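Here's a quick briefing for anyone opening this structure for the first time. Take a look at the model below, and then we'll walk through it topic by topic.

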Amino acid sequence: MNDTSPDRTERELREALQALADGVQAAPDAYRTARGEWLRRERRRRLILAVLIAIVFAVATLIGLWVLNQAPSAPGVIFSGTDGRLGHASLFQPHP
């Protein structure tokens, strides 16, 4: 008679996987090698992230300096009071 119960299937699968696992031999320094590779990748990832942050910061600083340099050098209408009272100047007064 053909027994196809789930218990038999599970037992045969377990035996097959156990036989497969018994045939696998790990290298003696496999953990050290894998850990070293992981640490190198982690250091490289952090270095790349630091470089990208520095580049973004430098570009933002350069853009900010460029924008500030584009401001007109002549005094604006709001702060054009010659009598020392800056609050008295208005946008609606013509600038001579």
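Is Ile-48 buried, partly exposed or exposed? Ile-48 counts as partly exposed, because its relative accessibility is 42%, and partly exposed covers the range between under 20% (buried) and over 50% (exposed). Keep in mind that this is a predicted model. Here's the rest, by topic.

**The chain overall**
- The chain has two helices and zero strands.
- Of its 96 residues, just 3% are buried.
- Its accessible surface comes to about 9200 Å², and carbon and sulfur atoms account for 65% of that.

**A nonpolar patch on the surface**
- Ile-48 sits in helix α2, which runs over residues 30-69.
- Ile-48 is also one of the residues in a nonpolar surface patch.
- Its partners there are Leu-47, Val-51, Leu-52, Ile-55, Val-59, Ile-63, Trp-66 and Val-67.
- Together, the patch residues offer about 860 Å² of accessible area.

**Salt bridges in helix α1**
- Searching the whole structure turns up five salt bridges; let's start with a pair in helix α1, which spans residues 6-22.
- Arg-8 bridges to Glu-12, with the closest N and O atoms 3.0 Å apart.
- Those two are four residues apart in the helix, or about one turn.
- Arg-8 counts as partly exposed because its relative accessibility is 27%, and Glu-12 is partly exposed too, at 36%.
- Glu-10 and Arg-14 also meet through their side chains in a salt bridge, at 2.8 Å from N to O.
- Again we're in helix α1, with Arg-14 and Glu-10 four residues apart, about one turn.
- Arg-14 is exposed, with a relative accessible area of 51%, whereas Glu-10 is partly exposed at 46%.

**Salt bridges in helix α2**
- The side chains of Glu-42 and Arg-46 form a salt bridge, at 3.2 Å from N to O.
- Why are Glu-42 and Arg-46 separated by about one helical turn? It's because they are four residues apart in helix α2.
- Glu-42 has a relative accessibility of 17%, so it counts as buried; the cut-off for buried is under 20%.
- Arg-46, on the other hand, counts as exposed, at 54% relative accessibility.
- Glu-42 and Arg-46 also belong to one network with Arg-45, joined by salt bridges that share partners.

Definitions and conventions. Residues numbered from 1 in each chain as written. Predicted model: local features only at pLDDT ≥ 70, side-chain atom pairs only at ≥ 80, totals over all residues. Heavy atoms only, no water. Patch = residues over 30% accessible without salt bridge, like charges linked within 9 Å, V, L, I, M, F, W, Y side chains within 5 Å. Areas by Shrake-Rupley, 256 points an atom, 1.4 Å probe, with all protein chains shown as cover. Salt bridge = Lys/Arg side-chain N within 4 Å of Asp/Glu carboxyl O. Buried < 20%, exposed > 50% of the residue type's maximum accessible area, 1.4 Å probe, protein only.
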